[in-house]
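Here is a short report on one protein structure. Please keep the sequence and the model open while reading.

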Amino acid sequence: MNFIKELIFRFNYKKMLKKDKLISKQYSNNKFENIGIIFPFPEVKTKDIHKFIKDINIEFSSKKLIGYVDKNRNKKSQVDENVFYNSDFDYRCKTNSDMVLDFMNTDFDLFINFTKNNILIKSLVLSINASFRVGWHYNADCIYDFMVMNKDAYSYDLFMNEVLKYLNKVQFSLTDEK
């Protein structure tokens, strides 16, 4: 991502935080019915995400997965309908990608971001309407309801294990409230 584009993303991101755009919707019926996941492609494979969803032990009525490639799309890039690139966004953090727009316009009960700290992704997370957001711990930005912190490096296996452990506890406590 070029320097000017990143500066504009940072400005828009801070503006979104000031507007308090991060308002999670309320749990409608005390259970997670749909899930949205952004994952780093090709570092994490789609089959691993499907296994992760299965391991959550929740029957989701709908699942939306999109992969993110942290570089610009070039002519040689293989076109994948479930993957987006930095170049799919303009300088105002807006996109014309139908796949990303569809993802952004979906209300999720559970949203999980597997990607690393990136201003584009953080801006995207702020624009997603979800009851419960899960992601990596980033500095002082509280853009998630649940954050996994790893001091050493980004370990996707550790992230998946921690999220599974706590999501199963949260889901169990939600079903106990009924």
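The sections below cover a pocket, a helix with its flanks, and the salt bridges.

## Basis

The structure is a predicted model. Every distance, area and volume below is computed from that predicted model.

## The second largest pocket

The second largest pocket has a volume of about 160 Å³. Its lining includes Glu43, Val44, Asp48, Lys51, Phe52 and Asp55. Tyr156, Asp157, Met160, Asn161 and Leu164 also belong to that lining.

Helix 2 (46-55) and helix 5 (156-176) each supply at least two of the lining residues. Helix 5 gives the largest share, with five residues. By class, the lining holds five nonpolar residues, five charged residues and one polar residue.

## Helix 2: two sides

Which residues of helix 2 are buried? Ile49, Phe52 and Ile53 are. These residues lie on the same side of helix 2, because they cover an arc of only 100° around the axis. Lys47, Lys51 and Lys54 sit on the other side of helix 2, and these lysines are exposed.

Two of these residues also line the second largest pocket. They are Phe52 and Lys51. Phe52 is buried, whereas Lys51 is exposed.

## Flanks of helix 2

Proline 42 lies before helix 2, in the loop that joins strand 1 (34-40) to the helix. Proline 42 counts as partly exposed, at 45% relative accessibility. In space, proline 42 and glycine 67 are 7.9 Å apart, C-alpha to C-alpha. In sequence, 25 residues separate proline 42 from glycine 67.

Asparagine 57 comes just after helix 2. Its phi is positive, at about 65°.

## Salt bridges within helices

How many salt bridges does a search of the whole structure find? The search finds three.

One of them pairs the side chains of aspartate 55 and lysine 51, at 2.8 Å from N to O. These two residues are about one helical turn apart, because they are four residues apart in helix 2. Aspartate 55 is partly exposed, with a relative accessible area of 30%. Lysine 51 counts as exposed. Both partners also appear in the lining of the second largest pocket.

Lysine 165 and glutamate 162 form another salt bridge, with an N to O distance of 3.5 Å. Both residues lie in helix 5. They are three residues apart, about one turn of the helix. Lysine 165 is partly exposed, with a relative accessible area of 39%. Glutamate 162 is also partly exposed, at 22% relative accessibility. The cut-off for buried is under 20%, so glutamate 162 does not count as buried.

## A salt bridge between distant parts of the chain

Lysine 64 forms a salt bridge with aspartate 102. The closest N and O atoms are 2.7 Å apart. This pair links distant parts of the chain, with its partners 38 residues apart. Lysine 64 belongs to strand 2 (residues 62-69), and aspartate 102 to helix 3 (residues 98-104).

Are the two partners buried or exposed? Lysine 64 is partly exposed, with a relative accessible area of 24%. Aspartate 102 is partly exposed as well, at 42% relative accessibility.

Definitions and conventions
Residues are numbered from 1 along each chain as its sequence is written. This is a predicted model: local features need pLDDT of at least 70, side-chain atom pairs count only at pLDDT 80 or more; totals for chains, interfaces and linings use all residues. Side-chain values use heavy atoms; hydrogens and water are left out. On a 1 Å grid over the protein atoms alone, a cavity is a set of points where a 1.4 Å probe fits but cannot get out, and a pocket is an open set with protein on both sides within 12 Å along at least five of seven lines; lining residues have an atom within 4 Å of a point. Grid points are joined across faces, edges and corners, and a volume is the space filled by probe spheres set on the points. Ala, Val, Leu, Ile, Met, Phe, Trp, Tyr, Cys and Pro count as nonpolar, Asp, Glu, Lys and Arg as charged, and the others, Gly among them, as polar. A salt bridge is a side-chain nitrogen of Lys or Arg within 4 Å of a carboxyl oxygen of Asp or Glu. Buried means under 20% relative accessible area, exposed over 50%, partly exposed in between (1.4 Å probe, protein chains only). The arc is that of the directions from the helix axis to the C-beta atoms.
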